[in-house]
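Here is a set of short exercises to work through with the model open beside you. Try each task yourself before reading its solution.

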Amino acid sequence: MSESYEFLFKFLVIGSAGAGKSCILHQFIENKFKQDSNHTIGVEFGSKVVNVGGKAVKLQIWDTAGQERFRSVTRSYYRGAAGALLVYDITSRETYNALTNWLTDARTLASPNIVIVLVGNKKDLEAEREVTFMEASRFAQENELMFLETSALTGENVEETFLKCARSILTKIESGELDPERMGSGIQYGDALRRMHRQEKLQPRTSRPDCAC
Ligand SMILES: Nc1nc2c(ncn2[C@@H]2O[C@H](COP(=O)(O)OP(=O)(O)OP(=O)(O)O)[C@@H](O)[C@H]2O)c(=O)[nH]1
Ligand SMILES: [Mg+2]
């Protein structure tokens, strides 16, 4: 795919160890399930250009380790993230119970305007479910999060999760609620838009001799 894009968004994937963060990222980027996934050491990185409402957006995604011993390392990557996937495992109440802590970290360490999607992963393991859709849905509503259940195994809702987060950020940029030029916004202009903005600063539209407006 072409590397040309209009915006770049920095994304984080956070949540307890074993929730399936790395498998979700792998499914999103490679379109396949990552067999024998090991615990992430520190942070891993992936990127992909997606089409969001007709605009090419590059997602720069930081997949963090869920294990407690890496917490201080992973926290240092939170700054300036525009979006986050907060992942738990629907077959593990323990990973669900930890959500409040992850949420506090994300809201205090990343951008205050960070857009967060709550992700209940391992949707394919229905028989082992410990957290109902309704319960998590209520939690999401109370904490102003978007919410989806995914399966990194089958791929269900994986791409949709990233797109949902990107779409929400783009809408906030368009409405003026998010300013890409603010330091630490986690948003950058791609080459084409950067050139346009630079041009506009040098030559405001109204004073351009060739401007018919
Ligand atoms: N059945 C099923 N298993 C999954 C799914 N996603 C991940 N797994 C399994 O869950 C385990 C943990 O997956 P990872 O993606 O490594 O988990 P993680 O959240 O990245 O873990 P840390 O890197 O330690 O934070 C692996 O054994 C995966 O095979 C899923 O959607 N369905
Ligand atoms: Mg991992």
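The exercises below go from the whole chain to single residues, and the model they use is a predicted one.

**Exercise 1. The overall fold**

Task: Find how many helices and strands the chain has, and in what pattern they follow one another.

Solution: Start by counting the elements: the secondary structure comprises 7 helices and 7 strands. Next, walk along the sequence, and the pattern reads β-α-β-β-α-β-α-α-β-α-β-α-β-α. Then look at burial: 38% of the 213 residues count as buried. Finally, take the contacts between residues at least 6 apart in sequence; 73% of them join residues at least 24 apart.

**Exercise 2. The nonpolar core**

Task: Identify which residues touch the most other members of the largest nonpolar core, and which elements contribute to this core.

Solution: The largest nonpolar core has 50 residues, and F11, A84 and L86 touch the most other members. Elements giving two or more residues to this core include strand 1 (7-15), strand 3 (55-64), strand 4 (83-89) and strand 5 (115-121). Helix 1, helix 4 (99-109) and helix 6 are also among them. Now zoom in on L86. Setting aside neighbours within four places in sequence, L86 has contacts that include I14, G15, L99, W102, L103 and A106, as well as I116, V117, L118 and V119.

**Exercise 3. Helix 1 and its surroundings**

Task: Decide whether helix 1 is largely enclosed or open, and work out what covers its buried residues.

Solution: First count: 8 of the 10 residues of helix 1 are buried, so this helix is largely enclosed by the rest of the structure. Those buried residues are K21, S22, C23, I24, L25, H26, Q27 and F28. Their cover includes strand 1, strand 2 (43-52), strand 3, strand 4, strand 5 and helix 6. Just after helix 1 comes N31, which has a positive phi near 60 degrees.

**Exercise 4. A helix pair**

Task: Describe how helix 1 and helix 6 pack, in terms of angle and axis distance.

Solution: Helix 1 (residues 21-30) and helix 6 (residues 158-175) pack at about 90 degrees, and their axes are 9 Å apart. That angle makes helix 1 roughly perpendicular to helix 6. At the meeting point, I24, Q27 and F28 of helix 1 face V158, E159 and F162 of helix 6 in contact. Sorted by class, this contact has 4 nonpolar, 1 polar and 1 charged residues.

**Exercise 5. The shell around ligand 1**

Task: Find how many residues surround ligand 1 and which element gives the largest share.

Solution: Ligand 1 is surrounded by 20 residues, the closest being G20, S22, S37, T40 and G66. Helix 1 gives the largest share of this shell, with 3 residues. By class, the shell has 7 nonpolar, 10 polar and 3 charged residues.

**Exercise 6. Two single residues**

Task: Place T108 and V73 in their helices and say how exposed each one is.

Solution: T108 sits in helix 4. With 10 other C-beta atoms within 10 Å, T108 is exposed. T108 and R79 lie 29 residues apart in sequence, and their C-alpha atoms are 9.3 Å apart. V73 belongs to helix 2 (residues 71-75), and with 13 C-beta neighbours inside 10 Å V73 counts as partly exposed. The C-alpha atoms of V73 and G42 are separated by 6.2 Å, although these residues are 31 apart along the chain. Not counting residues up to four places away in sequence, V73 touches G42 and V43.

Note on methods
Residues numbered from 1 in each chain as written. Chains lettered and ligands numbered in written order. Predicted model: local features only at pLDDT ≥ 70, side-chain atom pairs only at ≥ 80, totals over all residues. Axes fitted to C-alpha atoms, helices over the stretch in contact; angles between N-to-C directions. Helix = DSSP H or I, 4+ residues; strand = E, 2+ residues; numbered from the N terminus. Parallel < 35°, antiparallel > 145°, perpendicular 65-115°, else oblique. Contact = placed C-beta atoms within 7 Å. Nonpolar A, V, L, I, M, F, W, Y, C, P; charged D, E, K, R; others polar. Near = placed C-beta within 6 Å. Buried ≥ 20, exposed ≤ 12 C-beta atoms within 10 Å, placed from the backbone. Core = buried A, V, L, I, M, F, W, Y, C linked by C-beta atoms within 7 Å.
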